[in-house]
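Reader: I am in my first year of study and should be grateful for a close look at one part of this model. Would you please take me through it step by step, in connected prose?

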Amino acid sequence: MKIRICQPVIMYLPAFKHFVLAIMLPLMLMSCGRQQINQQTALIPKPDSVVFYTGFFNISNGVDLISDGSLNAEVELLRKYLTEQSIIVTDNVDQKVELMLDGNLKKDHYKLEITDNQVLLKSGSRQALKYGIQTLRQLLFFAVADQKAIACQHISDAPNYKYRGMHLDVARHFMPVAFVKKYIDMMAMLKMNYFHWHLVDDQGWRIEVKQYPKLTEIGSKRNETLTGHGGVKPFEYDGIPHEGFYTQEEIKEIVAYATLRGITIIPEIEMPGHARSAIAAYPELGVTGEKIGVWTRWGVSPYIYNVEESTFDFLEGVLDEVAELFPGKYIHIGGDEAVKDQWKASGRVQQRIKELNLTDEAALQSYFINRMADYLRKIGKAIIGWDEILEGGAPDDAVVTFWRSWHKPSPAIEAAQNGHKVIFTPASLCYFDHYQTTLQDSIEPLAIGGCTPVDSLYIKKPINSNFPDSLRQFVWGAQGNVWTEYMKTPEHVEHMVMPRMAALAEVLWTDEKKQDFEDFKRRFKNFAKWLEANNINYAKYIFEDN
């Protein structure tokens with residue numbers, strides 16, 4: 001490829017200095033060229049193809065945005081990014097930035113052609129156009145930080161996996177609307193396209209359901225929270241009430257925000273286990289009927305939904321409102337860690353097992369999940385569930401989120417063998433609530449346990465080479481999970497996800513043959529300047545000695 005290097009200004013020099021200049025000039029040119037290359041190749045995730053050419057696209061006097069009328073939303077998004085970088089948008093300059101759709105490109109493919117007077121971004125779909133805008137956004141940031149110019153280049157790019165996701169648990173610790181948007185911005189910059197929003201758990205119900213107001217009046221509030229590690233007894237509590245939920249108007253606002261940035265939100269409404277906050281609000285939903293509070297501890301509560309028709313009516317009513325708020329195809333219904341002790345001990349539940357001609361509690365959970373899947377199908381949705389939904393038989397059209405990396409045989413292989421699409425999020429590599437280094441006592445904040453260094457995530461990869469080639473057609477992609485038991489603030493979440501979110505984004509976007517961890521580290525050090533400019537509290541010590 002051809003690369004233009006910086007041209008130093010050569011002033012008149014006395015003759016005796018020419019000898020020194022003859023020696024130093026090549027070194028100056030090489031150094032200056034390397035600086036330009038490093039700035040302009042700092043993109044994360046790494047594009048499929050980049051070819052540099054002579055020249056620069058200068059942005060110091062502003063740019064003119066051009067597109068046809070069908071792309072107004074994308075133009076306004078790019079205008080916002082330009083304004084954030086203090087780049088003037090005006091039609092009184094020769095420097096043009098044009099957005100267009102190209103029917104000759106595949107739907108997930110974009111091309112970015114930068115000459116000295118034009119940036120042409122074309123793509124096979126509006127979704128891919130948004131990916132290209134994020135690439136341009138990174139280039140613009142480094143241009144503003146450097147020399148107010150982008151090197152002339154041609155980028156051709158498309159993702160390796162279709163599902164590139166991040167998860168956020170707001171049930172254990174509620175996160176404000178502004179931070180949820182910031183989290184979405186972090187994902188968008190890295191071209192991630194699915195946000196798995198964990199809205200419900202034993203420790204809190206975080207979504208307004210107008211038909212059932214007690215879910216937020218009672219279920220969104222807990223009296224206090226466990227302090228210290230959940231595995232250490234005696235348990236101690238902070239005595240501070242914790243509460244919060246998202247109104248339906250706030251959810252609509254967040255959904256629109258994500259959609260504009262090319263991100264589909266998948267809400268998670270846990271069932272049949274992890275249901276204590278709902279049962280606290282409506283005790284008749286539980287097996288025992290007793291009045292309980294929203295859980296103040298971590299771990300898995302034994303409280304589980306009963307299987308009465310009235311409970312299914314309740315859940316269908318909840319899903320009706322959830323489906324209206326989230327336009328995407330999928331709703332995650334959990335299905336994990338459903339402790340069945342209360343079902344086993346309940347004469348009424350055992351009677352229901354017989355009435356339904358089922359064999360045991362595992363079959364009852366399968367019935368529960370399949371019934372919910374049938375209802376979602378009727379209202380135009382489909383389910384995703386954690387890999388426990390395979391136990392007893394999962395609905396044919398269910399997507400399986402594989403997390404139990406220790407389980408034998410592998411739930412991921414079992415799911416694919418049964419024709420299910422699989423999202424990989426193995427706990428051994430994709431649980432970002434785990435520690436990031438082995439220096440846990442000295443520099444890392446308290447975490448749930450485990451250790452998932454960024455190099456292990458990048459090099460070992462969530463979807464590893466051992467997965468059978470014959471089943472790869474069922475691999476949808478992967479996601480990082482952020483469980484917030486030990487993350488009380490947005491700043492703590494940011495610390496736990498970066499740089500691991502960036503590494504995962506590249507592992508899922510970039511062709512595996514072009515992935516290089518040492519090169520990723522170099523680029524992340526540049527990318528960190530964007531994180532700092534946007535007040536993102538990344539784990540600075542991860543690469544500081546490398």
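Author: What follows is an account of one helix and its surroundings, and then of the barrel and some backbone features.

The model is a predicted one. The part chosen for the close look is helix 16, which covers residues 490-497. Within helix 16 lies E494. Is E494 buried or exposed? Its relative accessible area is 2%, and a residue counts as buried when this value is under 20%, so E494 is buried.

The surroundings of E494 can be named. Apart from its neighbours within four places in sequence, E494 is in contact with F179, K182, N535, I536, N537 and Y538. One of these residues, N537, offers its backbone nitrogen, which the side chain of E494 reaches at 2.8 Å.

Two of the other contacts, F179 and K182, lead to helix 4, which spans residues 177-189. The axes of helix 4 and helix 16 come within 11 Å and cross at roughly 15°. Angles under 35 degrees count as roughly parallel, and therefore helix 4 and helix 16 are described as roughly parallel to each other. The crossing of helix 4 past helix 16 is right-handed. On the side of helix 4, the residues that meet helix 16 are F179, K182, Y183 and M186. Their counterparts in helix 16 are P490, V493, E494 and V497. E494 thus belongs to the set of residues through which helix 16 meets helix 4.

A further contact of E494 is N535, found in the segment after helix 18 (517-533). N535 is not a glycine, yet its phi is positive, at about 55°. Most residues other than glycine have a negative phi. With a relative accessibility of 62%, N535 counts as exposed because the cut-off for that class is over 50%.

The chain beyond helix 16 also deserves attention. In the loop between helix 16 and helix 17 (500-509) one finds P499. The peptide bond from M498 to P499 is cis, and its omega is near 20°. Most peptide bonds are trans. A cis bond also joins K233 and P234, with omega about 0°; P234 is placed in the loop between strand 12 (226-227) and strand 13 (236-237).

The barrel may now be considered. It is closed, has eight strands in the order 7-8-15-16-17-18-19-20, and shows parallel pairing. On average, neighbouring strands of this sheet are turned by 30° against each other, direction ignored. Strand 15 (residues 264-271) runs parallel to strand 16 (residues 330-334), and two bridges join them. E268 has H332 in strand 16 as its bridge partner. Helix 8 (residues 309-325) packs on the sheet and touches strand 15 and strand 16, and its direction makes about 170° with that of strand 15. Helix 11 (residues 361-378) packs on the sheet as well, touching strand 15, strand 16 and strand 17 (382-386). The direction of helix 11 makes about 150° with that of strand 17.

Finally, the loop between strand 16 and helix 9 (341-345) contains E337. This residue, which is not a glycine, has a positive phi near 45°. The relative accessibility of E337 is 31%, so E337 counts as partly exposed.

Technical notes. Residues are numbered from 1 along each chain as its sequence is written. This is a predicted model: local features need pLDDT of at least 70, side-chain atom pairs count only at pLDDT 80 or more; totals for chains, interfaces and linings use all residues. Side-chain values use heavy atoms; hydrogens and water are left out. Two strands pair if DSSP finds at least two bridges between them. Helices (H or I, at least four residues) and strands (E, at least two) are DSSP runs, numbered from the N terminus. Axes are lines fitted to C-alpha atoms, for helices over the stretch in contact, and angles run from 0 to 180 degrees between N-to-C directions. Contact means heavy atoms within 4.5 Å. Buried means under 20% relative accessible area, exposed over 50%, partly exposed in between (1.4 Å probe, protein chains only). A polar contact is a pair of N or O atoms within 3.5 Å; within protein, one must be able to donate a hydrogen and the other to accept it, and residues adjacent in sequence count only if both atoms are side-chain atoms. Angles under 35 degrees count as roughly parallel, over 145 as roughly antiparallel, 65 to 115 as roughly perpendicular and the rest as oblique. A crossing is left-handed if the near helix is turned anticlockwise from the far one by less than a right angle, and right-handed if clockwise.
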